[in-house]
Amino acid sequence: MAGGWTGEPPAEQSSLVRPYAVTGGRTAPRVQLAMEALVSSVIAAHVDLSTMPPERQAITSLCRQVRSVAEISAMLRMPLGVTRVVIADMAAEGLVQVHQPQLDAGKPDLGLLERVLSGLRRL
């Protein structure tokens with residue numbers, strides 16, 4: 001049946017671009033980026049993002065609200081390593097701002113722990 005319903009559910013769209021192609025073959029970011037680091041976009045909402053690659057467009061849009069690197073990775077269904085590389089590149093270009101957690105002599109960041117606890121309570 002040409003152009004009609006075949007009775008089968010549509011196949012989930014697969015990514016045609018492999019993760020290593022998104023990062024130019026790099027497997028590590030230029031700067032260390034903790035997965036709990038917070039990322040915010042510095043690009044105004046009215047700026048045209050169509051000239052950016054799709055991954056950067058998505059990260060810019062997501063980071064209009066502050067999000068962690070791990071959260072961005074999960075929301076975009078992109079490997080954490082790829083997400084780190086792309087975010088580090090975007091930070092170097094001034095497209096996003098990264099707020100790294102402060103680790104004082106191995107002690108956990110109290111602010112981070114409070115945010116995690118608050119998030120768990122909301123669940």
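Which residues does S68 touch, not counting residues up to four places away in sequence? Keep that in mind while the whole chain is loaded, and note at the outset that this is a predicted model.

**The whole chain**

Colour the chain by secondary structure, and five helices and three strands appear, their order from the N terminus on being α-β-α-β-α-α-β-α. If you then colour by accessibility, buried residues make up 27% of the 123 residues in the chain. Should you draw a contact map as well, residues 24 or more positions apart account for 66% of the contacts with a separation of 6 or more.

**The sheet**

Select the three strands next: they form an open sheet in the order β2-β1-β3, with antiparallel pairing. Because β2 (67–68) and β3 (96–99) each have a single partner strand, they stand at the edges, and one side of each is left without a neighbour in the sheet. As background to what the viewer draws between such strands, the strands of a sheet pair through backbone hydrogen bonds, either parallel or antiparallel.

Show β1 (residues 38–41) together with β3, and you will find the two running antiparallel and joined by four bridges; one place to look is S40, whose bridge partner in β3 is Q97. On the β2 side, β1 pairs over two bridges, again in the antiparallel sense, and here V39 has R67 as its bridge partner in β2.

While β1 is still selected, pick S41, which is found in this strand. With a relative accessible area of 16%, S41 is buried, since buried here means under 20%. Display its surroundings, leaving out residues up to four places away in sequence, and S41 touches T60, C63, R64, L95 and V96.

**S68, at the edge strand β2**

Now select S68, which lies in strand β2 and is buried, with a relative accessible area of 15%. The opening question can be answered here: beyond residues up to four places away in sequence, S68 touches M35, E36, A37 and L38. Draw a distance between C-alpha atoms to L38, and the separation from S68 is 4.3 Å, although the two residues are 30 residues apart along the chain. Then show the side chain of S68 and the backbone of E71: a polar atom of that side chain lies 3.0 Å from the backbone nitrogen of E71.

**Helix α3**

Move to helix α3 (residues 69–76), and highlight V69, I72 and S73, which are buried. These three cover an arc of only 100° around the axis, which puts them on the same side of α3. The spacing can be read against a general rule: an α-helix has 3.6 residues a turn, so residues three or four places apart point the same way. What do the buried residues of α3 pack against? Bring up β1, α2 (54–62), β2 and α4 (80–92), for these are the elements they pack against.

Within this helix, centre the view on S73, which is buried with a relative accessible area of 8%. Its side chain has a polar atom 2.5 Å from the backbone oxygen of M78. Residues up to four places away in sequence aside, S73 touches M78, P79, L80 and T83.

**The loop after α3**

Step on to R77, in the loop between α3 and α4. Is R77 buried or exposed? R77 is exposed, with a relative accessible area of 73%. Check its backbone torsions too, for R77 has a positive phi of about 55° although it is not a glycine, and this comes just after α3. For context, most residues other than glycine have a negative phi.

**The largest pocket**

Finish by displaying the pocket surface. About 330 Å³ of space lies in the largest pocket, and its lining is made of E36, L38, Q65, V66, R67, S68, E71, L112, R115, V116, G119 and R122. Colour these residues by element: β2 and α5 (110–122) each supply at least two of them, and α5 gives the most, with five residues. S68 and E71, already visited for the 3.0 Å contact between the side chain of S68 and the backbone nitrogen of E71, are both among the lining residues, as is R67, the bridge partner of V39.

Note on methods: Residues are numbered from 1 along each chain as its sequence is written. This is a predicted model: local features need pLDDT of at least 70, side-chain atom pairs count only at pLDDT 80 or more; totals for chains, interfaces and linings use all residues. Side-chain values use heavy atoms; hydrogens and water are left out. Two strands pair if DSSP finds at least two bridges between them. Buried means under 20% relative accessible area, exposed over 50%, partly exposed in between (1.4 Å probe, protein chains only). Contact means heavy atoms within 4.5 Å. The arc is that of the directions from the helix axis to the C-beta atoms. A polar contact is a pair of N or O atoms within 3.5 Å; within protein, one must be able to donate a hydrogen and the other to accept it, and residues adjacent in sequence count only if both atoms are side-chain atoms. On a 1 Å grid over the protein atoms alone, a cavity is a set of points where a 1.4 Å probe fits but cannot get out, and a pocket is an open set with protein on both sides within 12 Å along at least five of seven lines; lining residues have an atom within 4 Å of a point. Grid points are joined across faces, edges and corners, and a volume is the space filled by probe spheres set on the points.
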